[in-house]
Amino acid sequence: MTLGADANPKVGIVLPVRNGAQTISRAIESILVQTYEQWRLYVVVDPSTDDTAAIVRRYAAKDARIALIETTRGSGLASALNVGWRAPRE
């Protein structure tokens, strides 16, 4: 079962990443195989020089529970986590 984008998930997951093209698919796949389905994944991509955002976009196009958030400047892990934590409320 895939929840629609407007569904109320019970669990929010924030995944900050920068230049993670080699590992982001594995991270997302590990979430997709969970038996609990009421979640929303917020992947916060700090400006990357690889295909990280494109990979996340492909996953988001297939599953409405996955959201890509691209930041405009590399401000580090703490800032990316804050962006992700605010996303469900915006």
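Biologist: Let's start with asparagine 19: does this residue count as buried, exposed or partly exposed?
Modeller: This is a predicted model, so everything here is computed from it. Asparagine 19 has a relative accessibility of 34%. Buried would need a value under 20% and exposed one over 50%. Asparagine 19 therefore counts as partly exposed.

Biologist: Where along the chain is asparagine 19 found, and what is its phi near?
Modeller: Asparagine 19 sits in the loop that leads from strand 1 to helix 1. Its phi is positive, although the residue is not a glycine, and the value is near 50°.

Biologist: Thanks! Stepping back, what pattern does the protein chain follow along the sequence?
Modeller: The protein chain contains three helices and three strands. Read along the sequence, they give the pattern β-α-β-α-β-α.

Biologist: What share of the contacts with a separation of 6 or more comes from residues 24 or more positions apart?
Modeller: For background, the protein chain has 90 residues, and 33% of them are buried. Among contacts with a separation of 6 or more, the share from residues 24 or more positions apart is 82%.

Biologist: How many of the residues of strand 2 are buried?
Modeller: In a regular strand, side chains alternate between the two faces of the sheet. On one side of strand 2, Trp39, Leu41, Val43 and Val45 are buried, and on the other Arg40, Tyr42 and Val44 are buried too. Strand 2 is largely enclosed by the rest of the structure, because the buried residues number seven of the seven.

Biologist: Which residue in strand 2 stands opposite glycine 12?
Modeller: Strand 1 and strand 2 run parallel, joined by seven bridges. The chain gets from strand 1 to strand 2 through helix 1, residues 24-32, in a right-handed β-α-β crossover. Opposite glycine 12 in strand 2 stands arginine 40.

Biologist: And which residue in strand 3 stands opposite leucine 41?
Modeller: Strand 2 and strand 3 (residues 66-70) also run parallel, with five bridges between them. Together with helix 2, these strands make a right-handed β-α-β unit. The residue opposite leucine 41 is isoleucine 66.

Biologist: Aspartate 46 is buried; with which side chain does it make a polar contact?
Modeller: Aspartate 46 lies in the loop between strand 2 and helix 2. The nearest side chain of opposite charge, arginine 18, is 4.9 Å away. A salt bridge needs the atoms within 4 Å, so aspartate 46 has none. Its side chain does make a polar contact of 2.8 Å with the side chain of threonine 71.

Biologist: Which residue forms a salt bridge with arginine 57?
Modeller: Side chains of opposite charge can pair when their charged atoms come close. A search of the whole structure finds two salt bridges. In one of them, arginine 57 in helix 2 is linked to a residue of strand 3, 13 residues apart along the chain. With its closest N and O atoms 2.8 Å apart, the partner is glutamate 70.

Biologist: What is the relative accessible area of glutamate 70?
Modeller: Arginine 57, on the other side of the pair, counts as partly exposed at 42% relative accessibility. Glutamate 70 is partly exposed as well, with a relative accessible area of 45%.

Biologist: With which residue does arginine 65 form a salt bridge?
Modeller: Arginine 65 is found in the loop between helix 2 and strand 3. At 6% relative accessibility, arginine 65 counts as buried, because that value is under 20%. The partner is buried too, and with the closest N and O atoms 2.8 Å apart, that partner is aspartate 63.

Biologist: Which residues is leucine 81 in contact with, leaving aside its neighbours within four places in sequence?
Modeller: Leucine 81 lies in helix 3, residues 77-86, and is partly exposed, with a relative accessible area of 26%. Its C-alpha atom is separated by 7.6 Å from that of valine 44, 37 residues apart along the chain. Its contacts, with those neighbours left aside, are Val14 and Pro16.

Biologist: One last one: how far apart are the C-alpha atoms of asparagine 8 and glutamine 38?
Modeller: Asparagine 8 belongs to the segment before strand 1. With a relative accessible area of 68%, asparagine 8 is exposed, because that value is over 50%. Asparagine 8 and glutamine 38 are 30 residues apart along the chain, and their C-alpha atoms are separated by 7.8 Å.

Key:
Residues are numbered from 1 along each chain as its sequence is written. This is a predicted model: local features need pLDDT of at least 70, side-chain atom pairs count only at pLDDT 80 or more; totals for chains, interfaces and linings use all residues. Side-chain values use heavy atoms; hydrogens and water are left out. Helices (H or I, at least four residues) and strands (E, at least two) are DSSP runs, numbered from the N terminus. Buried means under 20% relative accessible area, exposed over 50%, partly exposed in between (1.4 Å probe, protein chains only). Lys and Arg count as positive and Asp and Glu as negative; His and the chain ends are not counted. A polar contact is a pair of N or O atoms within 3.5 Å; within protein, one must be able to donate a hydrogen and the other to accept it, and residues adjacent in sequence count only if both atoms are side-chain atoms. Two strands pair if DSSP finds at least two bridges between them. A crossover is right-handed if, with the strands pointing away from the viewer, the path from the first strand over the helix to the second runs clockwise. Contact means heavy atoms within 4.5 Å.
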